[in-house]
Amino acid sequence: MLLHERYDPPWAIEVPSQEGLRAALSAKPDASLIPFHFVRHGAFDLHYDGAKPVRIPTGDVTICPSGAAHRMSFGSKTKAVRLADLLKAGMPRTSEETGHATELICGVFQLRNTPLNPLVAALPRVLSVKTNGAGVSPLLDHAAQMLAIEAAKSRTSFIASRVLEVFFAEAIRAYSQAEGALASGWFKALNDPKIRLALSRMHDHPGAPWTVAALADTIRMSPSRFAARFREVMGQSAMSYVSGWRMTVACQHLRESNEPLDVIAGAVGYQDVASFSRAFKALVGESPAKWRTASRR
C-alpha cells in the first residue's frame, strides 16, 4: 500500500501502532508492518514517544521499525486526521506542486518470519536516511525515483512491491553504514571480518552441529578469543545467536512448507522433535505446531 499526497499546511496525521495498521490494511497476522515516510518536497515534523519533534527534510525517508504509534505534522497546531479515516475519505490536499506544500510517499514494508530475525532486532525504533545527494548510493537514489513513479500510478501493484523491496534494502544498507549503527550489534558484526564470516557459516548451515570450538575453527581463532570477541561485538553469546537463527529458519519452514516436524527439526540441527519443540517454545513462545497453524490462519 502506497500513499502519494501533497498537503498544504497546517496538517497532521496520526499513524496507529502496528496492530492498528494491520487492521486498517487487512494485513496477515504474522506480518510485521514497518511504516515509512518519504519526503519528496517540503518537510514534516515527526512526533514519536513523547520526545521533541524531529524535522524530516526533503529527500529523507524515515522508517519506524518499532511499530509504535506516531504523529506527522507541519505548520501551526491543527487537529490530526487518523490514518484509517484518511484511507477511507482522505483530507484536504493540493494536487499541484507549491512552494509550501509537503509532498509525501508513505507506505509500509511487510516482513515475514520476523520473531527472531537479527536484522529486525538490530534496527532502532526510528531511523532516517537521505535518498539523494553526495555519498548516497545510486541504487537508493534510483529506487526512490522509481517508487515515486509507481506511487503516482497506483496504491498497489506488483512492480511497486518489488521496488519497495529494493528501496527498503538500500535504505537499511545506508543506515548500516552510518556511524551510529556501527556502535554495537549485528551491523557492527557485518563490518568485523572474523565475526561476519562466523555469521555466514551459521546462516548457510543452520543444521550443522555447531559448538563454540567448531565455529572458532572455521574462522581460525581460538575458542576463547572467538567467544569473547563474538560477545563483545554482538552483545550475546555465539550459541545464543545460533539458537535464535535456527528458530528463524524453522519459522520459515513452518510457514512456507508442508514438511513434517521431524524433517524441520533435522534441518535446523535437532535430532528429535521433542528437543526441537522445547527449544522453539522457549524462544518463540508456543509450540511449532501451534505457531504453524496460527501463521497460516
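**Exercise 1. Find which side chains meet Arg173 and Glu170 in a salt bridge, and state whether each residue is buried or exposed.**

Step 1. Arg173 and Glu170 join their side chains in a salt bridge, 2.8 Å from N to O. The term stands for a side-chain nitrogen of Lys or Arg within 4 Å of a carboxyl oxygen of Asp or Glu.

Step 2. This is a predicted model, where local features need pLDDT of at least 70, side-chain atom pairs count only at pLDDT 80 or more, and totals for chains, interfaces and linings use all residues. Residues are numbered from 1 along each chain as its sequence is written, and side-chain values use heavy atoms, with hydrogens and water left out.

Step 3. Both residues belong to helix α5, 3 residues apart, about one turn of the helix. Helices (H or I, at least four residues) and strands (E, at least two) are DSSP runs, numbered from the N terminus.

Step 4. Glu170 is buried at 5% relative accessibility, while Arg173 is partly exposed at 44%. Here buried means under 20% relative accessible area, exposed over 50%, and partly exposed in between (1.4 Å probe, protein chains only).

**Exercise 2. Work out which parts of the chain the salt bridge of Arg71 and Glu14 ties together.**

Step 1. Look for the contact: the N to O distance between Arg71 and Glu14 is 3.3 Å.

Step 2. Arg71 sits in strand β7 (residues 70-74) and Glu14 in strand β2, so this pair ties together parts 57 residues apart in sequence.

Step 3. Now check the surface: Arg71 is partly exposed at 22%, and Glu14 is partly exposed at 33%.

**Exercise 3. Place the strands in the open sheet and find which ones stand at the edges.**

Step 1. Read the order of the 5 strands, β5-β4-β7-β2-β8, with mixed pairing. Two strands pair if DSSP finds at least two bridges between them.

Step 2. β5 (54-56) and β8 (81-82) are at the edges with a single partner strand each, so one side of each has no neighbour in the sheet.

Step 3. Strand β2 (residues 11-15) runs parallel to β8 and is joined to it by 2 bridges. Ile13 has Val81 in β8 as its bridge partner.

**Exercise 4. Describe how Phe109 and Phe167 pair.**

Step 1. The structure holds 13 aromatic pairs. Rings of Phe, Tyr and Trp (its six-membered ring) pair if their centres lie within 6.5 Å; planes under 30 degrees apart are stacked, over 60 edge-to-face, and the rest tilted.

Step 2. Phe109 and Phe167 are tilted, at 6.4 Å centre to centre and 40° between the planes.

Step 3. Both residues are buried.
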